[in-house]
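Q: Please take a close look at the cysteines in this model, and then set them against the protein as a whole.

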Amino acid sequence: LVAGACPAGSDSFYKYRSVLDADDKWDKNAFKRAYRFFEKHYDKIDVLACRVRFFEAKENYHPTDYKFSAGTRIADLNSKEEYFSVQLTVATTFVKASAIKDLNFNSALKFGEDSIYVNTLILNKCKMGFIREAEYLYRRRLDESSAVNVQTFQKTYYVDTPREFHLKLIELSVKKYGKVLPYFQAVIAYDLMWRFGIPQIHETLNEEEYNDFCKTAGKVLSYIDDSILLGSPVHQSIILKSEAIELKKHSPFFSQLELVDGVLMYGDNEILTLSRNKTRCCSVVGLKIEGGSVTMEMLVAQWLFNVTEDGGSIFLKVGKKTVYPEIKPFNTSKVNTSMGTQNYYRICTFNFNLSVKTGSKVKLKPFMLYGEKSTPVSMSYGKFIPSANAFAPAYQIQGKYAIRYLRTVINIYA
């Protein structure tokens with residue numbers, strides 16, 4: 001095994017290769033374990049991927065580490081279970097030297113050059129090895145000066161990478177298999193979607209360049225199935241998903257969602273179960289009891305009101321009573337996503353009187369209503385509220401009342 005940027009055509013000297021970035025390092029047993037795995041499965045794979053662990057500024061694993069949850073194995077990338085086992089870097093892999101032949105890095109491509117390189121190799125067999133016991137140690141600089149930290153401010157990230165990586169990989173897959181295989185769709189979607197939902201794109205590109213990016217991205221997305229765009233284990237933000245779908249289809253996303261048995265659906269794709277949702281789409285920021293009067297403030301994501309063709313509304317169940325809020329926009333000037341999506345909240349203020357006997361409790365539960373269908377909505381909490389989501393048990397005392405904040409219900413005890 002040798003680490004280094006070896007040129008194509010020199011495979012007679014080495015059996016396996018790894019390209020080590022100058023800032024990074026391998027754990028001490030990685031080469032031995034990789035060699036043994038390759039020797040055992042030599043004819044089955046050309047690429048062996050290892051876990052990626054950050055050090056210095058961060059000390060955690062790479063966002064795609066989920067692909068190692070199934071353990072050390074040979075993955076058939078045509079299997080549905082492996083579609084999202086994406087590999088974007090060559091540095092974190094070992095490669096069979098004989099498979100490289102005359103393949104070289106695209107030196108003109110600043111971002112994604114190793115991604116197109118390693119996936120061109122994977123394309124040949126559509127199988128890849130994963131070895132959980134070997135780790136690549138990736139340095140995240142404290143001064144945030146590495147390429148990955150500054151890429152969103154580089155024009156080439158938006159202009160050249162989609163053309164020379166995304167469209168090129170589409171071309172290679174179509175040429176070899178007659179279509180873009182789902183695994184390669186997932187690779188492209190994973191990389192492309194980092195460009196959505198960020199303000200830097202408007203700071204980096206002028207209007208003409210931005211329009212060109214949207215046109216190219218739309219072309220790329222036309223080759224990617226909705227299920228891939230909506231099913232990413234990493235890009236789980238519903239705002240990112242909406243931007244991808246709207247750029248692909250040139251039609252609204254949220255108004256096409258439907259509520260089916262408590263689940264928001266886009267066609268056959270499950271988007272979100274609101275009663276189990278753990279994002280901050282419905283956040284309680286204040287609850288005050290004075291005498292028997294209660295004022296509760298919630299920040300509710302704007303998009304929740306845009307679901308289905310007719311939109312939605314929110315109400316609060318207080319015991320058997322139904323309470324509707326006063327609704328005001330919150331920071332409506334904030335438009336901070338790459339496609340201009342309005343990504344902000346509405347302030348929902350609920351005012352009601354308590355009717356709870358000493359020794360008993362009343363339950364507060366928020367619901368979203370779409371047409372004649374309603375569903376409970378799980379809650380998150382502001383930093384000044386001691387929620388049981390973070391601390392269990394967690395109570396707040398206000399006068400003669402004890403309040404317990406849970407994910408799906410607020411209990412008030414008298």
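A: Cys214 is buried, because its relative accessible area of 15% falls under the 20% cut-off for burial. Cys281 takes part in no disulfide, and the cysteine sulfur nearest to its own, that of Cys282, lies 6.1 Å away. Since a disulfide requires the two sulfur atoms to be within 2.5 Å, the sulfur of Cys282, at 6.1 Å, does not pair with that of Cys281. Cys281 is also buried, with a relative accessible area of 3%. For the model, which is a predicted one, the count under the same distance rule comes to 0 disulfides; a disulfide, in general terms, is a covalent bond that joins the sulfur atoms of two cysteines.

Turning to the whole protein, buried residues make up 50% of its 414 residues, and Cys214 and Cys281 are among the buried ones. The secondary structure consists of 10 helices and 22 strands, and the C-alpha trace spans about 85 × 45 × 40 Å along its principal axes. Of the contacts in the protein with a separation of 6 or more, 69% are between residues 24 or more positions apart.

As for the surface, the protein exposes about 20200 Å², of which carbon and sulfur atoms supply 48%. The protein carries 55 positive and 44 negative charges, and the mean positions of these two sets are 8 Å apart.

Note on methods:
Residues are numbered from 1 along each chain as its sequence is written. This is a predicted model: local features need pLDDT of at least 70, side-chain atom pairs count only at pLDDT 80 or more; totals for chains, interfaces and linings use all residues. Side-chain values use heavy atoms; hydrogens and water are left out. Buried means under 20% relative accessible area, exposed over 50%, partly exposed in between (1.4 Å probe, protein chains only). Helices (H or I, at least four residues) and strands (E, at least two) are DSSP runs, numbered from the N terminus. Contact means heavy atoms within 4.5 Å. Accessible areas come from the Shrake-Rupley method with a 1.4 Å probe; for residues, only the protein chains shown count as cover. Lys and Arg count as positive and Asp and Glu as negative; His and the chain ends are not counted. The place of a charge is taken as NZ of Lys, CZ of Arg, CG of Asp or CD of Glu.
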